[in-house]
Amino acid sequence: DYYTISMIIVNRSFSWYTRSTIPEPGGVFMKISQTKDIRTANSLTIIRHILDKKEISRARISEDTGLNKATVSTIVKDWMNLKLVEETTTGDSNGGRRPIILTLSEHAGYCIAVDMGVSHVNLILANIKNEIVARNSFSIHDTAFSNVYASLCSAIDQLTSQMPPSTYGLLGISLAVRGIIDLDGVIRFIPKLAWHNVDICSLLSDRYQVPVHIDNDGNLGASMESRLYPQYEELTVLSISDTISCGLITRGSLVRGYLGFANAVGHHTINIHETHQCSCGKYGCWEQYCSDQSLIEGTNHLREAQIHTIEEYIDLVKQQDPAALTVLRRFIKNLAIGLSNIIFFMNSEMIIMNSKLLRAFPYLLPEIMKATVLPITHSQEILLSTLGDEGPILGASRKAIEEFFAFLISK
């Protein structure tokens with residue numbers, strides 16, 4: 001497995017280190033360290049580029065990254081020796097030799113990603129190319145952590161049993177969670193599940209003996225969306241489901257804040273007169289007015305025949321149901337209020353919206369922008385997500401894959 005291979009590398013490096021004399025700061029050792037850091041950064045740049053592009057030549061990697069061809073060739077050889085990159089077919093020629101196409105080795109290893117909602121949990125088994133190999137899911141009926149954790153382990157066990165033979169086996173487990181995650185990877189609060197201070201990463205790591213990663217689903221969704229729009233360094237990705245999640249990117253990096261929950265925009269107040277308490281304990285949170293659950297509850301309050309899913313609500317809108325349309329008008333108004341706040345907070349170049357309702361009725365986007373509070377926000381560009389519900393879980397599996405690359409190359 002990759003631990004064994006890495007420990008061989010570590011032991012060899014340690015042997016060299018113990019045989020060497022440690023010079024004064026600024027001497028040869030520091031130069032070696034700096035060179036190693038540059039090499040590591042270049043190695044990660046190249047392997048991530050192959051992951052992004054799926055199939056690419058050495059020459060194109062050099063052109064895209066600005067690294068010289070000799071550096072690219074040397075680093076690609078290192079990754080090939082680790083059985084992570086392989087040569088496939090030859091590409092089209094521009095007059096010289098036909099380039100050899102590189103791709104990640106499909107059966108190098110696998111990871112498990114989890115999208116943990118408040119009523120449903122989805123899991124995928126993904127290969128090292130971040131391609132989905134198998135799926136699993138379960139509903140949350142009893143929100144007690146012990147019960148959900150038992151169901152989660154059972155679902156993970158089912159996926160690992162389907163994992164094909166590979167060079168490195170299970171690379172890691174990664175979770176996208178609809179809640180507040182601190183910088184140490186501890187779930188500090190999931191309002192709708194009433195979970196507090198849960199260290200699920202340690203539990204899973206002890207059980208499966210692999211690295212376990214965790215982040216807010218908004219952050220992971222944003223990290224995937226940003227790869228589709230590399231031209232934008234200032235980006236806001238808003239996901240509306242049974243909660244409201246957000247990923248904020250500035251200067252190309254996620255905004256996390258001092259404790260790690262700078263993106264909890266679903267719980268910023270848009271109505272100071274609200275008397276109904278939000279699941280977080282506050283009053284008048286944005287999530288109370290614009291989540292899928294708020295649409296369902298609002299519609300049920302106005303009609304006798306009850307609905308239970310956002311898909312049912314969408315069908316009512318298509319049928320021009322009066323109650324559903326009344327709720328929709330409120331949704332547009334309240335969504336615009338929250339969006340205008342985010343625009344003034346972040347001044348993003350682009351806002352990407354991930355919502356089943358908006359994907360069903362894309363014509364609502366111009367109406368929402370017209371309803372923003374101040375005229376200056378009308379210049380803001382908004383797009384609908386092309387990743388949809390898959391964004392957070394693919395972001396989670398990508399996280400596990402990239403962390404595996406970083407672990408290998410650092411040894």
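At 32% relative accessibility, Asp64 comes out as partly exposed in this predicted model. Its salt-bridge partner is Arg60, with N and O sitting 2.9 Å apart. Arg60 is partly exposed too, at a relative accessible area of 43%. Both residues belong to helix α3 (residues 58–65), and because they are four residues apart there, about one helical turn separates them.

Other salt bridges reach much further along the chain. Take Glu390 and Arg135, whose side chains meet at 2.5 Å, N to O. Glu390 is part of helix α14 (residues 390–410) while Arg135 is part of strand β6 (residues 132–139), so this pair ties together parts that lie 255 residues apart in sequence. Glu390 has a relative accessible area of 25%, which puts it in the partly exposed group.

Then there is Asp78, which pairs up with Arg39; here the closest N and O atoms are 2.3 Å apart. This bridge also links distant parts of the chain, since Asp78 sits in helix α4 (residues 69–81) and Arg39 in helix α2 (residues 28–53), with their positions 39 residues apart. Asp78 is partly exposed at 28% relative accessible area, and Arg39 is partly exposed at 36%.

Salt bridges can also join up into something bigger than a pair. Arg48, Asp52, Arg227, Arg398 and Glu402 do just that, forming a network. Counting everything up, the model has 20 salt bridges.

So much for the charged side chains; what about the nonpolar ones? The largest nonpolar core holds 39 residues. Within this core, the residues with the most contacts are Leu238, Trp286, Tyr313, Phe331, Leu335 and Met353. Helix α11 (residues 322–346) supplies the largest share of the core, namely eleven residues. There is a second core as well, separate from this one and made up of 38 residues, among them Ile46, Leu84, Ile124 and Ala400.

Tyr313, one of the residues with the most contacts inside the largest core, is worth a look of its own. Which residues does Tyr313 contact, leaving aside its neighbours within four places in sequence? The list runs to Leu295, Thr299, Ile307, Ala324, Val327, Leu328 and Leu357.

Notes: Residues numbered from 1 in each chain as written. Predicted model: local features only at pLDDT ≥ 70, side-chain atom pairs only at ≥ 80, totals over all residues. Heavy atoms only, no water. Core = buried A, V, L, I, M, F, W, Y, C linked by side-chain atoms within 4.5 Å. Buried < 20%, exposed > 50% of the residue type's maximum accessible area, 1.4 Å probe, protein only. Helix = DSSP H or I, 4+ residues; strand = E, 2+ residues; numbered from the N terminus. Contact = heavy atoms within 4.5 Å. Salt bridge = Lys/Arg side-chain N within 4 Å of Asp/Glu carboxyl O.
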